[in-house]
Amino acid sequence: MKKIKFIGIVDDDPITIFGIKKMLNSVVECETIEDYRNGKIAFDSINKKIIGNEDIPEIIFLDINMPIMDGWQFLEEFLKLPIKKRVRINIVTSSIDPYDRKKWECFKDKTHHLITFNNKPIKRNEIAEITKVA
Amino acid sequence: MLINPKIKSTSYLIKQLPTLTVFIDRDFKIIHASDKWLFTFGENSGAILGRSLFDIFPDLSIKWQTVLKECFEGKANPMGVQKYKDTQLNEKWYEWSNTCWYDEKENIIGAIIQINDVTEALANELELEKTRVQLKHQSEISKTGRWEYDILKDEVTWCDITKAIHEVSPDYVPKLDTSIAFYKEGYSRNAISMAIFEAQEKGTPWGIKLQIITATGKEKWVFAAGKPLYEKRKLVGFTGTFQDIDEQVLANVETKKNEKLLRTLVDNLPLNVYVKDIHSKKILVNRAECLSLGAKNEAELLGKDNFDIYDYKTAKKFTEQDVRVMSSLEPILGEEVISTNKRGVQTTFLTSKIPLLDEKGIANGLLGISLDITNIKQKEKELRNLIDVTSLQNKKLINFAHIVSHNLRSHTANFSMLLDFLQHEEDEKEKAKILEMLNSSSGNLLETIENLNEVLAINTNINIEKKEVNLYETVKTVKHNLEEFIMENDAQIENNILNDQTIKVIPQYLDSILINFITNGIKYKHPKRKPKISLNLLREEHYSILTIADNGLGIDLKKYGNKLFGMYKTFHSHENARGMGLYITKNQIESMGGKIEVESEVGTGTIFKIFFNEKN
């Protein structure tokens, strides 16, 4: 089984977090999985790690609709952070609004990080795929 | 020829006669001639005396010899007129006359011939004849006859044309009373009688358009003119002309009929029609134009220019248009113009201006046709508003559809994921945990559906009637209902609304709005302050504005402004935040035709301004 050091999950729905974690455990070996209840908590935590020269997640599962700071706002801020390594960010949303897809394409093209787009519910094989590439 | 002394003295006498006179003997030989005669015919006595008259005037008719011979027998006759070309080759006409020449014993010894220059008289006569013919011709063409009445003889004379107009035979003899009887009974006959009477009494001439009935019973229009005639200041009769003007009058009637038809047409067109002269002054306006300019009749508008009728800006614009049309000769067709009259009333016209040309092709005015499209424009505006409202509602609907699909999808996604786990799970403990999650997920779904229903109800019940509600009392009641919550948080609610102030609302929405803002203000209180909420009411045109100010946490509007009223948006990490309150509140306000604005400063507080539409 592939080993991944650090995975982050940003979602306000505990059931989704539970689901992603459960599926991750069955396809990959991961040292640390951290979850954040909104974009702001996630950003603050990652920013603190960068300042403290600690490891940051290699893979991030990102929900869009969240209180306080949503997925897009998080991406906006995250892309400004001085991160040399290529982080894989998987947007996982229940939104089927075409506007959200357009926004994703916009973000995808202006960063060296890999950003993908998935609709909920996310499948086990999709998670396997994501972790394999990363 | 020998001339005895007696004759010689006679000869001297004759020489001096001031007339053209010549004496001939019975052989037509010239015995004496006046100097004037000699001078006139360019002869001298030596060359002429003793020669035959017919030698000197070879053109003289032989017939004259007979006439002269008769004269020698004692029967003098006029000889007639003879043409003669003088030394300057001027044509002259002379009338010759003769008398017998007697000697002392009463014997006819010859003839005395006198010659008169009738050139001028003849020319005058010719001229007169010409004039006479012309007059006759003219009166025939213009159908103008003459007439005269002699009071003394009680005699009426009509010329041939006058007779022809009356359609009587050329030998008809009119009388004064029959002349008058030709005029049509009523106005015409009365008018002519009056005219003659006035002429008789005051000497005034007349000239009137009247109708006659001719001898054949035809009705005719005539122009009868006359004047009294005086001799030694005494009225002796009347004379005048009589003209057949039937055709002109009938043509006039036809023209008038056409004019009337045109006028009726122009007046009844549902378009404003006018004609302006070269100075942009109105010279014709139809009824619609009068009506639209608020004029009682056309006289109020005739002679007026744009500056008399419209406000300065409109008048300037119109005058520029007029000048452009008349100088370029290019018509303006169907142009939309907005005009403002002196009272400031605005009207939108679809206007056309066509130049009117004189015979030289130069514009001497213009014809204007305008259609008042103010109502159509108004309708268009209303329609546009309706489209705007509809498209806004459409947008809202799409937005709502996305919200619905997103919210329902997030729950169904959880279901499908959890069920998948359940299928493959063997650990009983884990199974129980998943089941519990399924249970809570289904609870969330129910709540979501309830929320969506609530929003849907607001948006579909747009037609619920609004009622006049006392705002002060409503706030008081809400405050009472929330008393426990207010006490718990040690909050202060300041009701600054006057106790007689009312607003038009759907009462249950107002309750919900008040509860929402008051509880929000307390829920998001500042940790270092006792919550205080004050409510005020302002009046503005069309709106009553309720302001609800708190001293709570405040919201960063730069970050969240556009999402503040969105569904499931929460901005504070508060466990009771559902993200439904403001969304529903906004929907309720908008469904009553109002709007909501917000001012906030992080750490200081928030002011919500709720605009209640008082108009409809």
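This report describes chain B of a predicted model, from its overall make-up to one sheet and the helix that lies across part of that sheet.

## Basis of the model

Because this is a predicted model, local features need pLDDT of at least 70 and side-chain atom pairs count only at pLDDT 80 or more, while totals for chains, interfaces and linings use all residues. Residues are numbered from 1 along each chain as its sequence is written, and side-chain values use heavy atoms, with hydrogens and water left out.

## Chain B as a whole

Chain B holds 20 helices and 22 strands, taken as DSSP runs (H or I, at least four residues, for helices; E, at least two, for strands) numbered from the N terminus. Of its 616 residues, 38% count as buried, that is, under 20% relative accessible area with a 1.4 Å probe and protein chains only.

## The five-stranded sheet

In chain B, an open sheet of five strands follows the order β12-β11-β15-β14-β13 with antiparallel pairing, where two strands pair if DSSP finds at least two bridges between them. Its edge strands, β12 (282-285) and β13 (332-340) of chain B, each pair on one side only, and the twist from one strand to the next averages 30°.

Strands β14 (residues 346-357) and β15 (residues 363-372) of chain B are joined in the antiparallel sense over nine bridges; Leu356(B) has Gly365(B) in β15(B) as its bridge partner.

## The helix across the sheet

Helix α14 (residues 374-424) of chain B lies across β13, β14 and β15 of chain B and runs at about 135° to β14(B), with axes fitted to C-alpha atoms, for helices over the stretch in contact (heavy atoms within 4.5 Å), and angles from 0 to 180 degrees between N-to-C directions.

Definitions and conventions. Chains are lettered from A and ligands numbered from 1 in the order in which they are written. Buried means under 20% relative accessible area, exposed over 50%, partly exposed in between (1.4 Å probe, protein chains only).
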